[in-house]
Structures are given as C-alpha cells and as structure tokens.
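Student: Got a minute to go through a fold with me? I'd like to start with how the pieces pack.
Tutor: Sure, put it up.
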Amino acid sequence: MRVVVDELANTAELYHACVHPAQYQRGETRASVEMFEQEAGHQLEPFQLAACEAVAAGESAIVSAPTSAGKTCVARYALRHHMRMGMVAYTSPIKALSNQKFVEFSEAFPGEVGLLTGDTQIRPDARILVATTEIFRARLGEASFSRDLRAVIFDEIHYLADEERGVAWEEAVLMLPPGVPLVCLSATVPNFRDVAGWICEARCTPVHAIATLSRPVPLRHSVLAGQKVHPLGPAAEGVAAANAALSEQAGRTKESAAMREAASKLQALLAKGSEFRPLIVFSVGRSFCRQLAEMTSGRLRGKLRTSCEHGALRGLCVETL
C-alpha cells in the first residue's frame with residue numbers, strides 16, 4: 001500500500017498532517033464541529049478543531065499536546081459523536097486514571113458510562129466504556145464485544161514504546177475490527193507522525209497527526225532551599241545558590257526539627273498568594289512526604305479556603321471515594 005503524507009498546517013500553534021492511502025477523499029465535517037463548539041460555550045483551539053474535524057469525518061487521529069492543553073475536549077467530542085452509533089471505548093494505562101475519567105464522563109453523559117478494570121465492573125455493557133488498556137485488549141477477543149465497538153480512544157498512547165506493557169497497546173490497535181477509528185492522545189510522544197504512519201499502514205486507513213507546543217499553563221521550575229525560592233533558568237541559573245543553601249542546612253537538625261522547618265517554609269511559600277499555586281513539592285522518602293503533607297494541611301486549614309469550601313471539598317471526597 002502506498003502511503004501519502006499531506007501537510008495541512010505547520011505553525012507555532014498547530015502542526016497537522018494527514019497520513020493516508022493513495023486513494024483517499026475527505027468528506028465535509030464543519031457543521032457537526034460548529035454545533036459542538038457552540039454547545040461547549042468557547043472557541044476551540046486550533047489543534048482541538050483539527051482533531052474534532054478528523055473525528056467528525058470518521059477518521060483516526062493522534063493528538064500530541066502539553067498537559068492541560070485540552071486533549072480531553074477532543075475525547076469528549078469523539079465520545080459524543082460515535083456513541084450514537086454504538087459502543088465507544090476509552091482506555092488508559094492505570095486504574096486511577098480510569099476511575100477519574102469514569103467520574104468525569106459520568107457527569108457529562110449520565111447513565112451512559114461503564115467502568116472495566118482488573119477489580120471493578122460497572123455497567124460493562126454501557127455505550128461508553130472506560131477501561132484499562134490491558135483489560136480492553138483482553139476483551140477484544142470476545143466476538144460480541146468487538147462487534148458493538150464503534151471507536152476507541154487511547155489515552156497515553158506513548159505507552160506503545162514501553163518494553164513491558166507496550167505490547168498491549170500494539171495488539172489492541174492491530175486487533176480492532178476494520179473501520180473502527182482511533183483517537184490517540186499523549187503529551188509526550190515526539191514521533192507522533194511516525195506513529196500515525198504505522199497505524200495508517202497497519203489498518204489501511206487515514207490518520208491525522210496533530211500537535212501543538214502551546215502551553216496554556218506556564219511551566220516554571222524553582223528550588224526551595226534555605227529561606228528562599230531559587231528560580232531555575234534555561235542556563236541552570238539558581239542551581240549554585242540553591243546548592244549552597246542546602247549545604248548549609250544539611251545535617252544541622254534531626255528529622256523532626258527538619259519536618260517542622262520544611263512545613264513552615266512551605267506554609268510561608270503558599271501564603272504568598274496564587275503566584276506559587278498550583279505547586280508541586282518533591283521530598284525524599286514517602287514517609288517524610290506524607291508527614292509533611294499532613295502537617296502543612298493542618299496548619300493551612302481555613303487559610304487557603306473558607307470553611308464552606310472546606311466542607312464542600314470533604315463532601316466531594318467522601319462521595320467520590
């Protein structure tokens with residue numbers, strides 16, 4: 001089969017190429033996507049629009065975009081578009097993510113979502129089935145399951161490259177019935193165009209390779225050392241100062257005292273305002289990390305949120321878990 005690559009866009013906001021067999025014609029898709037855009041209440045980003053148009057045409061797409069860029073919007077459109085014709089599967093590599101997506105999609109599509117993991121089954125015959133990829137791969141061997149399948153969304157498609165687990169993704173792609181489109185999502189697949197080419201050749205179907213480097217949430221790295229936050233620049237600025245501050249305090253206090261000091265510094269950092277939130281803190285040792293979280297949480301209760309917000313958050317946690 002001769003494969004052709006049509007480059008449709010190549011800008012700072014969007015890269016879009018269609019990898020397809022030589023004999024290929026694309027249909028009209030704009031009306032369906034415009035209706036979804038109106039219901040969403042906001043204008044789609046260029047990469048979202050390109051991916052949704054590919055889905056509306058009944059074709060496959062691989063979407064590479066930074067974390068929080070809005071890949072789930074593409075998944076929601078794919079679910080909505082294909083569920084009218086049969087079952088749509090959404091697969092993820094870990095149970096925690098599958099559970100999270102089950103709750104999220106259940107809010108968007110009440111009563112239409114099922115969950116299938118190694119130890120949980122909820123509405124396994126639902127029109128939208130959220131599953132771990134290995135369980136989904138195992139179910140593909142069932143004739144009735146494959147017959148009802150209309151589309152598959154593979155989250156974290158970069159697991160294809162995993163030496164131990166990647167075979168489940170590869171086999172799932174190859175075992176899907178002909179004509180079932182794929183929507184592949186990832187934030188860390190640099191060779192997305194190569195993956196699109198492989199899927200095109202393996203399934204004899206057009207695949208849209210779509211990517212963006214635009215990051216809606218800026219990513220900044222800093223080191224909390226001594227009494228200061230040291231920003232890390234592209235040329236490793238701040239590393240020397242951070243190392244010097246860490247060397248001064250190393251070995252001066254016992255673990256309990258170090259815990260109190262770390263909690264105080266973290267509390268002071270969070271109290272500075274939204275400039276430092278959201279915040280990821282790395283700590284050596286699971287026990288130390290857990291104790292630090294508990295101590296900081298107790299000290300900040302009522303300071304980062306009101307009592308009403310705290311009560312609502314606890315209720316949501318209880319209801320979800």
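Student: Which strands does helix α2 lie across?
Tutor: This is a predicted model, to be clear. Helix α2, residues 46-56, lies across β2, β3, β9 and β10.
Student: And at what angle does α2 run to β10?
Tutor: About 170 degrees.
Student: What's the strand order in the sheet?
Tutor: The sheet is open, with 10 strands. The order is β1-β2-β10-β3-β9-β8-β4-β7-β5-β6, and the pairing is mixed.
Student: Which are the edge strands?
Tutor: β1 and β6, the latter being residues 121-122. Each of them pairs on one side only.
Student: How many bridges join β1 to β2, and do they run parallel or antiparallel?
Tutor: There are 7 bridges, and the two strands run antiparallel. N10 stands opposite Y15 in β2.
Student: Switching to helices. What span should α8 have at 1.5 Å a residue?
Tutor: Helix α8 covers residues 192-203, so 12 residues should span 16 Å. The end C-alpha atoms are 16 Å apart, which agrees.
Student: Which residues of α8 are buried?
Tutor: F192, V195, A196, G197, I199, C200 and R203.
Student: What do those buried residues pack against?
Tutor: Five strands and a helix appear on that list: β1 (3-10), β2 (15-21), β3 (60-64), β9 (182-186) and β10 (207-211), plus α7 (166-175).
Student: What phi does C204 take, just after α8?
Tutor: A positive one, about 50 degrees.
Student: How far does α3 reach, end to end?
Tutor: Helix α3, residues 71-82, reaches 17 Å from its first C-alpha to its last. That is close to the 16 Å expected for its 12 residues.
Student: Is α3 mostly covered or mostly open?
Tutor: Mostly covered: 9 of its 12 residues are buried. Among them are K71, C73, Y77, H81 and H82.
Student: Now the rings. How many aromatic pairs are there?
Tutor: The count comes to 6 aromatic pairs. One of them is Y90 with F105, edge-to-face, at 5.1 Å centre to centre and 70 degrees between the planes.
Student: Where do Y90 and F105 sit along the chain?
Tutor: Y90 is in strand β4, residues 87-92, and F105 is in helix α4, residues 95-108. They are 15 residues apart, so the pair links distant parts of the chain.
Student: Are Y90 and F105 buried or exposed?
Tutor: Both Y90 and F105 are buried.
Student: Which residues form an aromatic cluster?
Tutor: F136, F145 and F154 form one.

Terms used:
Residues are numbered from 1 along each chain as its sequence is written. This is a predicted model: local features need pLDDT of at least 70, side-chain atom pairs count only at pLDDT 80 or more; totals for chains, interfaces and linings use all residues. Side-chain values use heavy atoms; hydrogens and water are left out. Rings of Phe, Tyr and Trp (its six-membered ring) pair if their centres lie within 6.5 Å; planes under 30 degrees apart count as stacked, over 60 as edge-to-face and the rest as tilted. Helices (H or I, at least four residues) and strands (E, at least two) are DSSP runs, numbered from the N terminus. Buried means under 20% relative accessible area, exposed over 50%, partly exposed in between (1.4 Å probe, protein chains only). The expected span of a helix is 1.5 Å times one less than its number of residues. Contact means heavy atoms within 4.5 Å. Two strands pair if DSSP finds at least two bridges between them. Axes are lines fitted to C-alpha atoms, for helices over the stretch in contact, and angles run from 0 to 180 degrees between N-to-C directions.
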